[in-house]
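Here are a few exercises to help you find your way around a new structure. Try each task yourself, then read the solution step by step.

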Amino acid sequence: MSQHAELGFIQLSLLHHQVPIKNIERELICPICKELFTHPLILPCQHSVCHKCVRELLMLNHEDSFDAGSECSLPGSPRSRVPSPSMERLDRLVRSGGSQGSVTPRVTTIPCPGCQHDIDLGERGISMLFRNFTLENIVERYRQAARAAVAIMCNICKPPQQEATKSCMDCKASYCNECFKLHHPWGTPKAQHEYVGPTTNFRPKVLMCPEHEMEKVNMYCEVCRRPVCHLCKLGGSHANHKVTSMSSAYKILKEKLAKSIHYLISKEDQVRTQITELEVLINKTEENGQLAERQANEHFERLFETLQERKSEMLRSIEQSRNRRMEQLRGQVEEYQGMLENSGLVGYAQEVLKETDQSCFVQTAKQLHVRIQKATESLRTFHPAADPCFDEFVLDTSREEMLLKEMCFGGVPDPPLIDLSNSRVYNEASICWRLSDDHLPTDHHMLEYRQSPSQEDGEDNGVWRATDRVYSPSTVVCDLEPDSLYSFRVRSCRNSMFSPYSPEVTFHTPPAPVFGFLFSDKCGFSTERLILNKRRDTVESVAGMAFLLAAERVQTGSYIGLDYIIGDTGISQGRHYWAFKVEPYSYMIKVGVASDTKLIEWFHNPRDTSSPRYDHDSGHDSGSEDACYELSQPFTFVTLGMGKLIIPKASSSSSSSTANAQSADPGNRMLPMPQRLGVCLDYDACRVYFYDADTMRCLYERQVDCSGTMYPAFGLMGSGKVQLEEFLASKRLAF
């Protein structure tokens, strides 16, 4: 079966599986206001948000950008009941957003509620966003289906108004049959107007470019994934991006979407089977939950019984010890009481002492002396017969109390969260995660990963693979495919019970093997203005006294050369990738690649710093470097500084109109500086690519002459700092 016939079959099958419009409400809800979309705009990440919600997000990030009387309201607060702007007014706002402070505030970064990523709208803010007309039409059809009993009335009829039968997309009005014939007579231009069924949603007939207001979009940028016009490609922000015709993009995307929908429909039986399995799981969950409750009650009852037994035994022992001691002490009291009662014994002994007959005295005094001696010893060695202290019965239950508090009976631990800021993915992935602040000790963790589904067939071919047990909050995954999307998730285990999975996170692996190197402290390294740390993975340019003295000698209007530093390892074949971070405060740093012969020329040839154009290869921003860029030279650089990334001007081989357009509008060459920049050199293909290392989006690519050994090169001017990624410095994550 041919591809065309196959697509026709798929479309025919889709027609037989139409989903009622009322069943798609969940797809038509704005993720911010939780209401049906109103004039939705498409964010760069392809998620849609209401126009008013985008404005509220901008106002939340910079409240001073709007007047206090703005019709917007903060998210989470009661919405202002202000009528939505008309279509014409909305178009004017979107078109003129760059010049109206009430629409585009100074801060243009907003968090996307769909993917949770920060979206930079650029300097033009809302004006750079397309309206999602397709979604608007679907929402309108849904509303019409929901209020089928409420008819749309003719906008022309005088009272009493008739029910409308048509709506003119050119006139932006609804008509009954008579009024439509009256205002669209045959043989007039109005007879050629486009009309549809009754509607209140009128959209422009042609999608216009938000950047060039008078131009229709006729191409599709594959890098930014958005429609563009020919001016965007010639001299705009998409000049160096790969684009395709709108018809080709329409055909490809429609085929992919149709195949994906057909795949879902073909799996209807499988979905029903899974629903049945889920219902069985629900019943099992209910039964197992009740069983767990009964078992927990039994466990606690046994604990209560054990504690009650121990309590009874201890109280009985205390009572027996108390009675025994009381008896001993009472006996001692009686003994001493007898001593008091026998006080006549002393008097009797005194009378015996008066006896002068020796034989009579000895006969009587013998027994009396025993009694007196016993009483005397009792007084000299007084000791209570029992200890009143019950310290031996004092319980220390702190350990038991701690055990009871930590007792979980197999409770499910909280899911961990993958730490995006500390996780890095190259040809190996270093994944870190965090546990909740009040988490209980866990036995181990399990990390799972898979290659994301192929975008070509739309099928979920990725199978989750699990690592071995991990006993720390991080692990390394090896042997990842280059230039691929990988999803990761993690869960914790305690007492054989697993937590729910963490939210999935997706990383894009680099397009080539990792290239490990350190900064070279020998070849051309300037110790006066560059500071290299001991590990040689961080270099810092300091605008100190040496820089000041050099600047003092230069005439007005001239420039000072850059201080270059290169990697300690060169490239002579294959594809290689490396990444680094440029501090946002850096004044100007050029990054790229250069051949060994060009580096020798830069490092060893004398240069006259009194001339601003002493060497067009020096890397300073005099303009000569870009103007003299040939199609292929043994070096290529991009400029970073002041929070921006500046790509080179068009090469001499480019059309003159393109070069002129870029020269006239240098803002098109400026991009926000990424947090991490990646460079990929394809030595065999003689091309170099620059990436946003966090999203792996290609920012710029260019042909380069790889006739010699190529080195990573960095040029610094003024204050600045470059730090290599840890995997480069350690040279541990080898491909």
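**Exercise 1. Work out which strands pair with strand 24, in which sense, and over how many bridges.**

Solution. This is a predicted model, so let's see what its coordinates say.
- Step 1: Go to strand 24, residues 575-582. Alongside runs strand 29 (residues 677-682), paired with strand 24 in the antiparallel sense through six bridges.
- Step 2: Pick out one bridge here: His 576 has Leu 681 of strand 29 as its partner.
- Step 3: Now look for another partner. Strand 33 (residues 720-724) also pairs with strand 24, again antiparallel, over three bridges.
- Step 4: Val 582 is bridged to Val 722 in strand 33.
- Step 5: Check how covered the strand is. Six of the eight residues of strand 24 are buried, leaving it mostly covered.

**Exercise 2. Find the order of the open three-stranded sheet that includes strands 6, 7 and 8, and name its edge strands.**

Solution.
- Step 1: Read across the sheet: the order is 7-6-8, and the pairing is antiparallel.
- Step 2: Look at the two ends. Strand 7 (173-175) and strand 8 (195-196) are the edge strands, since each of them pairs on one side only.
- Step 3: Zoom in on one pair. Strand 6, residues 166-168, is joined to strand 8 by two bridges in the antiparallel sense.
- Step 4: Across from Cys 168 you'll find Tyr 195 of strand 8.

**Exercise 3. Decide whether Ser 502 is buried or exposed, and list what it touches.**

Solution.
- Step 1: Locate Ser 502 in the loop that links strand 19 (497-498) to strand 20 (505-508).
- Step 2: Compare its accessibility with the cut-off: buried means under 20%. Ser 502 has a relative accessibility of 3%, so this residue counts as buried.
- Step 3: Set aside residues up to four places away in sequence. Ser 502 then touches Pro 415, Pro 416, Leu 417, Ile 418, Arg 489 and Val 490.

**Exercise 4. Do the same for Ser 520: where does it sit, and is it buried or exposed?**

Solution.
- Step 1: Ser 520 belongs to the loop between strand 20 and strand 21 (530-532).
- Step 2: Its relative accessibility is 10%, so Ser 520 counts as buried.
- Step 3: Leave out neighbours within four places in sequence, and the contacts of Ser 520 are Phe 525, Arg 536, Ile 565, Ile 566, Gly 567 and Asp 568.
- Step 4: Take Arg 536 from that list. Ser 520 and Arg 536 are 16 residues apart in sequence, with 7.4 Å between their C-alpha atoms.
- Step 5: Look at the side chain too: a polar atom of Ser 520 lies 3.4 Å from the backbone nitrogen of Lys 522.

**Exercise 5. Which residues form a nonpolar surface patch with Leu 307, and how exposed is Leu 307?**

Solution.
- Step 1: Find Leu 307 in helix 8, residues 268-341.
- Step 2: Exposed means over 50% relative accessible area. Leu 307 has 55%, so it is exposed.
- Step 3: Add Phe 300 and Phe 304: with Leu 307 they form the patch, and together the three have about 300 Å² of accessible area.

**Exercise 6. Zoom out: how many helices and strands does the protein have, and what share of its residues is buried?**

Solution.
- Step 1: The protein has 16 helices and 33 strands.
- Step 2: Out of 735 residues, 37% count as buried.
- Step 3: The accessible surface is about 43100 Å², with 53% of it belonging to carbon and sulfur atoms.

Methods:
Residues are numbered from 1 along each chain as its sequence is written. This is a predicted model: local features need pLDDT of at least 70, side-chain atom pairs count only at pLDDT 80 or more; totals for chains, interfaces and linings use all residues. Side-chain values use heavy atoms; hydrogens and water are left out. Helices (H or I, at least four residues) and strands (E, at least two) are DSSP runs, numbered from the N terminus. Buried means under 20% relative accessible area, exposed over 50%, partly exposed in between (1.4 Å probe, protein chains only). Accessible areas come from the Shrake-Rupley method with a 1.4 Å probe; for residues, only the protein chains shown count as cover. Contact means heavy atoms within 4.5 Å. Two strands pair if DSSP finds at least two bridges between them. Patches are made of residues with over 30% relative accessible area and no salt bridge: like charges are joined within 9 Å, nonpolar side chains (Val, Leu, Ile, Met, Phe, Trp, Tyr) within 5 Å. A salt bridge is a side-chain nitrogen of Lys or Arg within 4 Å of a carboxyl oxygen of Asp or Glu. A polar contact is a pair of N or O atoms within 3.5 Å; within protein, one must be able to donate a hydrogen and the other to accept it, and residues adjacent in sequence count only if both atoms are side-chain atoms.
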